[in-house]
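Visitor: Hi, could you walk me through this one? I'd like to hop between topics as they come up.
Guide: Happy to. Here it is.

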Amino acid sequence: MRGLLASSIGVTCAAALALPVTSPAPALALSARPASPATARPAPVAEALGGTQSLPLAPLAPRDRTLAPTAEHGLPRRDVGHFSLVGVIWDDPDTVLHGSVQVRTRAAGSHTWSGWQDLETHNDDAADPGTAERTSGRVHGATAPLWVGDSDGVEARVRAEVDRRTEDTARGPRTATTISPLPKGLRLELVDPGESAPALGAREAAAAGAPRRRAAQPSALTVAPAEALAEADASAANRGLSGLSGPAVAEIPALNRKQTEEELFALRAGELTEQRRVKPYIGPRPRIVTRRGWGADEKLRERKFVYTKKVKAAFVHHTASGNGYRCAQVPSLIRGIYRYHVKSMGWRDIGYNFLVDKCGNIYEGRAGGVAKPVLGAHTLGFNTNSVGIAVLGSYGSKKPPAAVTKAVARLTAWKLGLHGVNPKGTTYLKSGGGNLYPKGKKVRLNVISGHRDGFATECPGRQLYRKLGSTRSTAARLQGR
């Protein structure tokens, strides 16, 4: 995106829906350990909101002239408005795209085109079958999104899978060609994540139930009252956590072990768990960048939060969105994925409960409260009683940095510890239906599993999946086991 894309920062403050608001602080400080998101300069309203260009893909003349035109769809090279994230969607979410999807893009303000880049066609992060989110009528099939950076030109092609087999007949060998039909309604989605969501102005803060700020304090760009309420809702969902003091909190600070244990006892008093007040097995709470911190436009999502009963397992994913991002760009990348999940794929909110970047920063995903069992849309068939953690990037052939595996271990040690769960253990989850286990089947899974353990997919990538064993051991050690 234009300029530095990241989050606006608010002052740390504390309460529920009636929350005091202050003007944004200068920036989220960068540290030598994980790199923190920087603060973006105020942007024009249109730019702050972002947007999506949805372009239909039409049949192209296939390179192989023996194939019908329906074997390849695409978009010839063209100039478009600015975007940073790209994906392809189609009408039926239950239709699998058998084939390949490739795009090439032009860096904004230049004549430089990238080479052809592949999009992951089997994007199996989704709400469970039969749920309101899945059956809303707005859901589409989709590839994984690809981060390409600020671009203003694009070309795309979708090629059907072709199977050629030689058969022996009475008249001699004959070659039979089978072409997998492409899904209907193919569209190219070009996502502009926009700048960070603006801070609440005095009028909108009052609409959200917050006291009015003094006139001497300048406000950032204002938002509509409905947005103010949605933002207050998302922030209030984290109330009760130690170290918070307001709705415009950009991050939830890390706690040491003693502070984490005291916080857990306070949360248990609110019936988060039924365990008695004994020394718990829980890892120190890690630092978490909030939705406010990465600049979520709260009016995009559905207002209501949906919870499951508890968290019994954690599923680790990768976003398959490429590794070419800088950590200062991560708020923009997450805003792009969020918009793609909601506006292009038709989900109620971003699908993952948490996201982790390659510098080891942890981000709040789906709204509802980081300490609560928020129902996500990450592992088709196994979203109930689980948490989805997505590592930003593609880790099929590339090894994840040590900062990634450490962050996942810290996060799971804390999140699973809230529910008294051993990261090195196993648990049973009932399948909601998928391509690996039928609906209703009780499946034994590692407490920390990869996406592929619950669904036939390459996610979270071979290299990241190989690290899950050491992640389990580290998380258990952090819990004091």
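**A chat about contacts, strands and backbone**

Guide: Let me start with Arg348, which counts as buried at 9% relative accessibility. Please keep in mind that this is a predicted model.

Visitor: Which residue does Arg348 meet in a salt bridge?
Guide: Its partner is Glu302, with 3.4 Å from N to O. Glu302 is partly exposed, at a relative accessible area of 34%.

Visitor: And where do Glu302 and Arg348 lie?
Guide: Both are in loops: Glu302 in the one between α5 (291-294) and β13 (313-318), Arg348 in the one between α6 (330-344) and β14 (354-356). The pair therefore ties together parts that are 46 residues apart in sequence.

Visitor: How many salt bridges are there by this rule?
Guide: The count comes to 17, taking a side-chain nitrogen of Lys or Arg within 4 Å of a carboxyl oxygen of Asp or Glu.

Visitor: OK, what does Glu261 pair with?
Guide: Glu261 forms a salt bridge with Lys279, and the closest N and O atoms are 2.9 Å apart. Glu261 sits in helix α4 (residues 257-269), while Lys279 is in the loop between α4 and β12 (288-289), so this contact links parts 18 residues apart in sequence.

Visitor: Is Glu261 buried or exposed?
Guide: Buried, because its relative accessibility is 11% and the cut-off for buried is under 20%. Lys279 is exposed, with a relative accessible area of 64%.

Visitor: What about Asp297, which side chain does that one meet?
Guide: Asp297 meets Lys299 in a salt bridge, 2.7 Å from N to O. Here Asp297 counts as buried, at 9% relative accessibility, and Lys299 is partly exposed, at 41%.

Visitor: Which residues are linked in a network of salt bridges?
Guide: That network is made up of Arg291, Glu298, Arg301 and Asp349.

Visitor: Changing topic to charge on the outside. Which residues form the positive surface patch?
Guide: Lys399, Arg462, Arg466 and Lys467 form it.

Visitor: Where does Arg462 sit, then?
Guide: Arg462 is in helix α8, which covers residues 462-465. Its relative accessible area is 44%, so Arg462 is partly exposed.

Visitor: Now strands. How many residues of β7 are buried?
Guide: 13 of its 15 residues are buried, so strand β7 (residues 146-160) is largely enclosed by the rest of the structure.

Visitor: Which strands pair with β7?
Guide: Strand β3 (residues 72-90) pairs with β7 in the antiparallel sense over nine bridges. Strand β4 (residues 99-107) is also joined to β7 by nine bridges, again running antiparallel.

Visitor: Can you give me a register point for each? What stands opposite Val86, for example?
Guide: Val86 has Leu146 in β7 opposite. For another point, Arg106 stands opposite Gly153 in β7.

Visitor: I always check backbone outliers. What's the usual picture for phi and omega?
Guide: Most residues other than glycine have a negative phi, and most peptide bonds are trans.

Visitor: So where is a cis peptide bond here?
Guide: One joins Cys459 and Pro460, with omega about 10°. Pro460 is in the loop between β19 (448-450) and α8.

Visitor: And what is the phi of Ala320?
Guide: Near 55°, a positive value in a residue other than glycine. Ala320 is found in the loop between β13 and α6, and it is buried, with a relative accessible area of 14%.

Visitor: What about Asn385, what's its phi?
Guide: Asn385 has a positive phi of about 65°, and it is not a glycine either. You'll find Asn385 in the loop between β15 (362-364) and β16 (386-391). Asn385 is buried too, with a relative accessible area of 14%.

Visitor: One last thing, a long-range contact. How far apart are the C-alpha atoms of Ala237 and Lys372?
Guide: They are separated by 8.5 Å, with their positions 135 residues apart along the chain. Ala237 lies in the loop between α3 (225-236) and β11 (251-252). At 6% relative accessibility, Ala237 counts as buried.

Visitor: Great, thanks for the tour!
Guide: Any time!

Definitions and conventions. Residues numbered from 1 in each chain as written. Predicted model: local features only at pLDDT ≥ 70, side-chain atom pairs only at ≥ 80, totals over all residues. Heavy atoms only, no water. Patch = residues over 30% accessible without salt bridge, like charges linked within 9 Å, V, L, I, M, F, W, Y side chains within 5 Å. Areas by Shrake-Rupley, 256 points an atom, 1.4 Å probe, with all protein chains shown as cover. Lys, Arg positive; Asp, Glu negative; His and termini not counted. Charge placed at Lys NZ, Arg CZ, Asp CG, Glu CD. Helix = DSSP H or I, 4+ residues; strand = E, 2+ residues; numbered from the N terminus. Buried < 20%, exposed > 50% of the residue type's maximum accessible area, 1.4 Å probe, protein only. Pairing = 2+ DSSP bridges.
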